[in-house]
Amino acid sequence: MKLTSIGYLGPKGTFTKLAVDATFNGEHKEAFKTIPECIDAVDKGEIDIGVVPLENAIEGTVQLTVDYLIHQVRIPVVGEIVVPIQQHLLVRSDIVQKESDIEEVHSHSHAIAQCHQYLHQNLHNAKIAFTSSTGKAAEIVSNSDQPIAAIGNRAAASEYGLEIMKENIHDYPNNHTRFLVLSHQPEKVKIKSEAKGDKTTLLITLPSDQAGALHQILSAFAWRKLNLSKIESRPTKTGLGNYFFIIDVNQAYDDVLLPGVKAELEALGCQVTILGSYSVYDIL
Ligand SMILES: O=C(O)C(=O)C[C@]1(C(=O)O)C=C[C@@H](O)C=C1
């Protein structure tokens with residue numbers, strides 16, 4: 001039998017790989033250089049499932065993921081994985097002995113943002129170099145003989161033979177990232193842990209500039225007592241002031257309440273697309 005293939009933002013040692021390893025057993029896992037490359041591969045059927053970062057507790061939405069899913073490629077969201085994020089400062093111990101030796105810090109923009117205060121206070125003079133992922137940053141540091149450091153996780157340190165010079169350098173505790181599981185073949189998504197709940201994500205376009213439109217949208221959820229966990233606006237990219245609303249509801253798409261919301265919003269002139277109805281998995 002052909003193994004299910006799962007794509008992730010690579011290389012090895014990324015947080016996305018941690019999310020994949022914690023939720024999927026033994027399947028074929030394939031690293032992609034960028035989030036769009038991973039999403040495209042799912043859409044073209046080159047892989048069965050893609051896992052991409054969506055939102056971090058400190059830095060907020062991974063806009064590349066949201067915009068790519070709205071504007072370029074529509075793939076159903078079939079799961080969400082929530083992973084605790086601990087950022088460490090990784091170095092080659094044969095080259096860097098103390099923080100003040102470090103001339104450059106490499107990492108993914110979201111990881112850099114999660115450690116701003118630390119960098120500001122401790123590595124003020126080091127240059128920042130943005131990489132496609134934290135795993136890539138660790139790989140670069142391991143291949144360099146320059147006094148540079150990466151920000152990444154413990155798995156990256158062991159994967160690339162780096163030393164953790166300073167642990168937990170993220171600026172706030174309780175750091176978590178949500179990852180989306182994307183697939184056109186939901187029957188292939190077999191997650192090994194127990195789901196902690198369900199969500200539905202809707203993409204809503206307001207009719208035109210109309211007073212009270214957002215209030216009317218929210219009231220369609222409110223009077224049905226539907227609990228929302230996120231509301232976000234993203235540009236439609238058609239002109240200044242034109243926005244989509246992306247709304248997460250804390251329940252699966254049912255037969256009554258959410259179809260009712262959809263019909264009510266469409267009657268108000270909104271366009272409503274269901275981006276997914278899916279289970280949520282917490283990795284501890
Ligand atoms: O670079 C990685 O390790 C990723 O998996 C990407 C990513 C992100 O895009 O938010 C994932 C989790 C962390 O928040 C930092 C980086």
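Which residues does UniProt list for "domain: ACT"? The UniProt record, an unreviewed entry, gives residues 202–279 for this feature. UniProt positions follow the numbering used here, feature names are shortened, and annotations may be inferred rather than shown by experiment. The structure is a predicted model, in which local features need pLDDT of at least 70 and side-chain atom pairs count only at pLDDT 80 or more, while totals for chains, interfaces and linings use all residues. Residues are numbered from 1 along each chain as its sequence is written.

A second feature in the UniProt record, "domain: Prephenate dehydratase", is also from an unreviewed entry and covers residues 5–184. The table describes both stretches; helices (H or I, at least four residues) and strands (E, at least two) are DSSP runs, numbered from the N terminus.

| Residues | Helix | Strand | Distance between end C-alpha atoms |
|---|---|---|---|
| 5–184 | 31% | 31% | 13 Å |
| 202–279 | 27% | 36% | 15 Å |

By an automatic or database domain assignment, the chain is divided into domain 1 (5–85 + 175–188), domain 2 (88–166) and domain 3 (197–279). The C-alpha centres of domain 2 and domain 3 are 40 Å apart.

The ligand is surrounded by 15 residues, of which Thr-14, Thr-16, His-110, Ser-133 and Thr-134 come nearest. A residue is counted as near if its C-beta atom, placed from the backbone, lies within 6 Å of the molecule. Domain 1 and domain 2 each contribute at least three residues to this shell. At least two shell residues come from each of helix H1 (15–23), strand S3 (49–56), helix H4 (109–114) and helix H6 (134–142). The shell holds six nonpolar, nine polar and no charged residues. In this classification Ala, Val, Leu, Ile, Met, Phe, Trp, Tyr, Cys and Pro count as nonpolar, Asp, Glu, Lys and Arg as charged, and the others, Gly among them, as polar.

Elsewhere, the axes of helix H2 (residues 35–43) and helix H3 (residues 63–72) come within 10 Å and cross at roughly 35 degrees. Axes are lines fitted to C-alpha atoms, for helices over the stretch in contact, with angles from 0 to 180 degrees between N-to-C directions. Ile-35, Pro-36 and Ile-39 of H2 meet Leu-64, Thr-65, Tyr-68 and Leu-69 of H3, contact being defined by C-beta atoms, placed from the backbone, within 7 Å. These contact residues comprise six nonpolar, one polar and no charged.

Two backbone details lie in loops. The peptide bond from Gly-10 to Pro-11 is cis, with omega near 0 degrees, and Pro-11 sits in the loop between strand S1 (5–9) and H1. Asn-168, a residue other than glycine, has a positive phi near 45 degrees; its place is the loop between strand S10 (163–166) and strand S11 (176–182).

How values were computed:
Contact = placed C-beta atoms within 7 Å.
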